[in-house]
Amino acid sequence: MRDARAFRTTIALKFLMTASGLVFIGYVLAHMYGNLKAFSGEAAFNEYAHHIRELGEPLLPHEGFLWLMRVLLVVALVVHVWSGFALWRKAAKARPVKYAVKKHTGAIPAARIMRLAGVWVLGFTIWHLLNFTIVKVNPSNGETGGDNPYALLVDSFDLWWMTLIYLVSMAFLGAHLHHGTWSSLQTLGWTSTAPARARAKAFALGFAIVVAGGFSLVPLGVLVGIID
């Protein structure tokens with residue numbers, strides 16, 4: 001009975017991880033699409049940034065949709081971190097003594113840096129919000145752009161070290177998405193056969209590359225002068 005209850009608890013925690021992860025996947029895809037508007041020029045990017053603040057009006061107040069999304073993301077973050085920590089604790093209790101010799105478990109490489117990637121991405125997200133949203137920090141010249149988020153974006157990524165931090169963060173995001181997507185497909189039961197596992201691994205890797213690469217295009221575009 002106890003083993004059955006523990007199994008159900010583990011499955012429930014994995015589904016919570018998957019559900020909260022899907023919320024973030026939807027968000028990063030929408031955010032990536034918005035970021036790529038920068039390649040359409042200053043007017044197009046600023047129009048997009050202004051439009052998302054008016055979504056839902058007059059049913060919602062100004063920026064009401066954004067605040068709903070922020071609340072949803074915070075809830076998803078709490079659920080994701082809590083369920084991840086709970087799964088880690090359960091695994092640690094199930095095997096209190098480490099193996100004398102580490103064995104290859106067949107996990108994808110991204111799984112081995114999952115926690116490090118998660119902590120890095122969380123720290124980067126906080127900085128990213130400070131940089132572009134909450135207080136608007138411009139490490140280049142102090143100008144926050146006012147109603148011109150395009151100018152703040154260009155000023156920020158004109159600094160090589162800001163671009164480097166962003167690219168490293170996208171590499172960690174890609175690793176986190178790679179393993180997270182693979183784990184979600186496992187939880188949903190879509191890896192029960194060898195061909196299914198191969199397809200799931202290919203999809204997880206391709207998805208991680210598309211998202212991390214898509215986000216990286218904008219800072220690289222600024223750094224080489226395509227976006228100016």
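# Exercises on a predicted seven-helix chain

Buried residues, meaning those under 20% relative accessible area (exposed is over 50% and partly exposed lies in between, with a 1.4 Å probe and protein chains only), make up 34% of the 228 residues in the protein chain. The model is predicted, so local features need pLDDT of at least 70 and side-chain atom pairs count only at pLDDT 80 or more, while totals for chains, interfaces and linings use all residues. Residues are numbered from 1 along each chain as its sequence is written, and side-chain values use heavy atoms, with hydrogens and water left out.

## Exercise 1: the fold

Describe the secondary structure of the protein chain and its pattern along the sequence.

Helices (H or I, at least four residues) and strands (E, at least two) are taken as DSSP runs, numbered from the N terminus. By this reading the protein chain has seven helices and zero strands, and the pattern along the sequence is α-α-α-α-α-α-α. Turning to contacts, defined as heavy atoms within 4.5 Å, and taking those between residues at least 6 apart in sequence, 69% join residues at least 24 apart.

## Exercise 2: the span of α3

Compare the expected span of helix α3 with the distance between its end C-alpha atoms.

The expected span is 1.5 Å times one less than the number of residues. For the 31 residues of α3 (residues 64-94) this comes to 45 Å, and because the end C-alpha atoms are also 45 Å apart, the two values agree. The buried residues of this helix are Gly64, Leu66, Leu73, Ala76, His80, Ser83, Ala86 and Leu87.

## Exercise 3: what packs around α1

Which residues does Leu13 touch, not counting residues up to four places away in sequence?

Begin with the position: Leu13 is found in helix α1, and it is buried, with a relative accessible area of 6%. Leu13 touches Trp82, Ser83, Ala86, Leu87 and Lys90; of these, Ser83, Ala86 and Leu87 are among the buried residues of α3. Leu13 and Phe85 are 72 residues apart in sequence, and 9.8 Å apart in space from C-alpha to C-alpha. Gly21, also found in helix α1, counts as buried at 15% relative accessibility, and its C-alpha atom is 9.4 Å from that of Val79, 58 residues apart in sequence.

## Exercise 4: the loop between α2 and α3

Where are the cis peptide bond and the positive phi, and what are their values?

Most residues other than glycine have a negative phi, and most peptide bonds are trans. A cis peptide bond joins Glu57 and Pro58, with omega about 5 degrees, and Pro58 lies in the loop between α2 and α3. Glu63, found in the loop between α2 and α3, has a positive phi near 65 degrees, and it is partly exposed, with a relative accessible area of 23%.

## Exercise 5: the crossing of α2 and α5

State how helices α2 and α5 cross, and which residues make the contact.

Axes are lines fitted to C-alpha atoms, for helices over the stretch in contact, and angles run from 0 to 180 degrees between N-to-C directions. The axes of α2 (residues 42-52) and α5 (residues 149-157) come within 8 Å and cross at roughly 115 degrees. The contact is made by Glu42, Phe45, Asn46 and Ala49 of α2, together with Pro149, Tyr150 and Leu153 of α5. Ala, Val, Leu, Ile, Met, Phe, Trp, Tyr, Cys and Pro count as nonpolar, Asp, Glu, Lys and Arg as charged, and the others, Gly among them, as polar, which gives five nonpolar, one polar and one charged residues in this contact.

## Exercise 6: the empty space

How many cavities of 30 Å³ or more are there, and which residues line the largest cavity?

On a 1 Å grid over the protein atoms alone, a cavity is a set of points where a 1.4 Å probe fits but cannot get out, and lining residues have an atom within 4 Å of a point. Grid points are joined across faces, edges and corners, and a volume is the space filled by probe spheres set on the points. The count comes to one cavity of 30 Å³ or more, and the largest cavity has a volume of about 50 Å³. Its lining consists of Phe124, Trp127, His128, Asn131, Phe132, Phe157, Met162, Ile165 and Tyr166. Helix α4 gives the most to this lining, with five residues, and by class the lining residues divide into seven nonpolar, two polar and no charged.

Conventions. On a 1 Å grid over the protein atoms alone, a cavity is a set of points where a 1.4 Å probe fits but cannot get out, and a pocket is an open set with protein on both sides within 12 Å along at least five of seven lines; lining residues have an atom within 4 Å of a point.
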